[in-house]
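Below is a short report on one molecular structure. Please read it alongside the sequence and the coordinates.

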Amino acid sequence: MFKNQELLDKAVSLLPKLYETKVEVAETVAVSKDTDGNVIVKKAENYTARALKKGDKVCLDFGDHQVGYFSVELGNLGSHADAPVLLRVHFAENPVELLEDAEGYQGWICSSWIEEERVHVDVIPSVLQMERRYAFRYVELEILDISSKFALTLRNASCRAVSSANDEMLKEYHTSDALKKNLDKIACRTLHNCMQTVFEDGPKRDRRLWMGDLRMQALANYETYGKNELVKACLYLFAALPMENGQIGACLFLEPEPEVDDTVMFDYSLFFICTLLNYYEATGDMETLRELWPTALSQIYIAEDKLGEDDIIADSDVLGWCFVDWNLALNKQAGAQGIFLYALKAAIRIAQILQDDKEEKKLSELYTVCRDASFRELWDEEKECFVSGKERQISVASQVWMVLGGAIEGEAGRRLMQEMDGREDLVEMVTPYMYHNYIDALLLLGERDKALQKLEDYWGGMARQGADTFWELYNPKNPMESPYGGTIVNSYCHAWSCAPAYFLRKYFQDERKQGEEDEGTQF
Ligand code: RAM
């Protein structure tokens with residue numbers, strides 16, 4: 001893989017230190033299901049009072065979602081510990097994970113993401129210090145085996161929580177509305193726990209920097225923690241570690257050395273441009289804009305290679321060629337076209353800021369050609385919406401991206417989005433990631449009330465189910481939604497879900513800032 005050492009050195013020098021906080025157990029609980037299948041969490045006898053024998057379980061509740069290192073002091077009651085203790089330690093972000101069958105998981109994504117360990121402890125008394133970093137609110141300890149000559153006791157369980165976000169830096173959100181306040185709080189916690197050495201997508205899984213997720217995290221960051229150097233570091237990492245043809249990779253790793261993954265996605269590469277522009281708008285950092293502009297611009301010309309003779313991005317059967325949403329039934333062609341337009345708008349804006357007249361002209365011409373083609377080739381007169389792929393599929397995602405790309409505007413756009421409500425012949429959204437774009441499209445069309453109502457219904461749905469942090473996947477119509485073949489590997493703290501902190505603070509504060517416009521994010 002290609003590496004630009006100069007940009008990489010800059011990125012690495014900007015990576016943050018982590019703040020550490022010691023968190024203690026809030027209470028001991030028992031997790032079960034009622035006869036309707038609802039998860040019940042009940043207060044239980046304090047863990048320090050138990051004398052644990054074979055088969056016993058203890059569930060510790062840390063009161064909120066944590067990312068960090070767990071430890072607990074182990075003691076023995078009765079004889080000297082004459083055999084090792086065999087424990088199962090299970091970490092859970094959501095209590096439902098404790099009731100799922102890890103061994104029965106057969107999905108395609110690696111089961112090693114399941115936060116469950118079998119641990120032998122040879123010496124007791126001792127401190128059990130778990131080496132790995134976990135994402136959790138609950139820790140369940142089960143005694144798989146123990147000598148009959150003694151019982152195990154537990155004390156001082158704690159978590160050394162880590163994050164590069166500092167709650168003292170969190171800007172205030174002004175609202176007198178309890179629901180908005182709660183959604184903002186959960187979203188900030190989500191972002192906080194995903195802010196590590198880089199913006200991780202999720203601290204349980206995949207624990208790495210993804211381009212598409214970064215765009216949304218950065219937007220929420222500007223309104224909350226304002227840790228703008230972290231965004232800058234992440235932009236430099238992507239720019240320093242492109243694919244061989246210069247395309248920005250979909251995600252990258254830090255360990256053992258910074259390296260780009262071998263996955264590329266059409267839309268994620270283009271989002272580098274939008275993220276760079278948003279960063280400039282938030283910071284006014286002209287030097288970074290100038291330095292990263294060649295990388296951003298080349299994403300347009302790499303993507304342009306996928307345009308067919310009809311000026312429409314060619315469809316592909318390759319799974320994941322373009323992400324858009326985690327819905328395996330979704331055809332991505334129209335979404336990709338809309339995203340290309342959206343990225344072109346951002347690129348044009350950067351060219352204007354940098355007074356790169358030659359590129360501005362070229363990009364504007366390309367934009368006009370592709371926008372006109374979108375309507376000509378993908379608009380279905382009879383169905384009155386954009387269609388995607390050979391099968392002429394209708395999806396919410398396609399309409400959203402055509403709106404955000406500017407292929408349809410004003411009253412026509414509002415009517416189009418209205419039509420999507422309650423329509424049955426369409427592919428729906430399954431992730432908060434796609435919902436973010438949907439809310440953004442409604443705001444661009446001036447549908448402020450509807451945007452707020454949809455946001456409150458959707459993210460409020462997770463809150464009503466007890467979310468401490470917002471989830472990677474949430475489909476109100478299908479609680480078992482998972483593209484991976486099992487919900488046990490789903491992530492319940494996923495930063496692409498922190499949209500409420502962004503939208504509520506930017507558009508729905510009680511005292512709105514002077515001169516604030518409704519079309520803030522769009523280009
Ligand atoms: C999920 C990752 C990440 C996302 C990719 C495409 O598996 O967790 O959030 O960007 O999919």
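Glu384 sits in the loop between strand 13 (379-380) and strand 14 (385-386). Helices (H or I, at least four residues) and strands (E, at least two) are DSSP runs, numbered from the N terminus. This is a predicted model, with residues numbered from 1 along each chain as its sequence is written. Local features need pLDDT of at least 70, side-chain atom pairs count only at pLDDT 80 or more, totals for chains, interfaces and linings use all residues, and side-chain values use heavy atoms, with hydrogens and water left out.

**Backbone exceptions**

Phi of Glu384 is near 55°, a positive value in a residue other than glycine. Glu384 is partly exposed, with a relative accessible area of 45%. Buried means under 20% relative accessible area, exposed over 50%, and partly exposed in between (1.4 Å probe, protein chains only). Arg392 is not a glycine either, and has a positive phi of about 50°. Arg392 belongs to the loop between strand 14 and helix 9 (396-405). Its relative accessible area is 37%, so Arg392 is partly exposed.

Two peptide bonds also deserve a look. The bond from Ile124 to Pro125 is cis, with omega near 5°. Pro125 lies in the loop between strand 6 (116-121) and strand 7 (126-129). Glu255 and Pro256 are joined by a cis peptide bond as well, with omega about -5°. Pro256 falls in the loop between strand 11 (251-253) and strand 12 (259-260). Most residues other than glycine have a negative phi, and most peptide bonds are trans.

**The ligand site**

Which of the 13 residues around the ligand come nearest? They are Asp201, Asp213, Tyr268, Tyr484 and His494. A residue is near a molecule if one of its heavy atoms lies within 4 Å of it. The table gives polar contacts, that is, pairs of N or O atoms within 3.5 Å; within protein, one must be able to donate a hydrogen and the other to accept it, and residues adjacent in sequence count only if both atoms are side-chain atoms.

| Polar side-chain atom of | Partner | Distance |
|---|---|---|
| Asp201 | oxygen atom of the ligand | 2.6 Å |
| Tyr484 | oxygen atom of the ligand | 3.0 Å |
| His494 | oxygen atom of the ligand | 2.8 Å |

Taken alone, the ligand exposes 290 Å², and the protein buries 97% of that. These areas come from the Shrake-Rupley method with a 1.4 Å probe; for residues, only the protein chains shown count as cover. The shell around the ligand holds seven nonpolar, one polar and five charged residues. Here Ala, Val, Leu, Ile, Met, Phe, Trp, Tyr, Cys and Pro count as nonpolar, Asp, Glu, Lys and Arg as charged, and the others, Gly among them, as polar.

**Nonpolar cores**

Tyr268 appears again in the largest nonpolar core, which has 148 residues. Tyr268, Ile300, Phe340 and Trp459 touch the most other members. Helix 7 (residues 333-353) supplies the largest share of this core, 14 residues. Another core lies apart from it, with 32 residues, among them Leu87, Leu128, Tyr134 and Leu152. A nonpolar core is a set of buried Ala, Val, Leu, Ile, Met, Phe, Trp, Tyr and Cys residues joined through side-chain atoms within 4.5 Å. In soluble globular proteins, nonpolar side chains tend to be buried together.

Trp459 is in contact (heavy atoms within 4.5 Å) with residues including Leu183, Pro432, Phe470 and Pro500, leaving aside neighbours within four places in sequence.

**Three further residues**

Arg423 lies in the loop between helix 10 (410-420) and helix 11 (432-444). With a relative accessible area of 18%, Arg423 is buried. Its side chain reaches the backbone oxygen of Lys383 at 3.1 Å. The side chain of Arg423 also makes a polar contact with the side chain of Asp425 (2.8 Å). Not counting residues up to four places away in sequence, Arg423 touches Lys383, Cys385 and Ile394.

Is Ser163 buried or exposed? Ser163 is buried, because its relative accessible area is 3%. This serine is part of strand 9 (residues 150-163). A polar atom of the Ser163 side chain lies 2.8 Å from the backbone nitrogen of Ala165. Leaving out residues up to four places away in sequence, Ser163 touches Leu18, Tyr19, His192, Met195 and Gln196.

Ser79 is found in the loop between strand 4 (57-78) and strand 5 (85-92). Its relative accessible area is 29%, so Ser79 is partly exposed. Ser79 and Lys149 are 70 residues apart in sequence, yet 5.6 Å apart in space, C-alpha to C-alpha. Beyond its neighbours within four places in sequence, Ser79 is in contact with Lys149 and Phe150.
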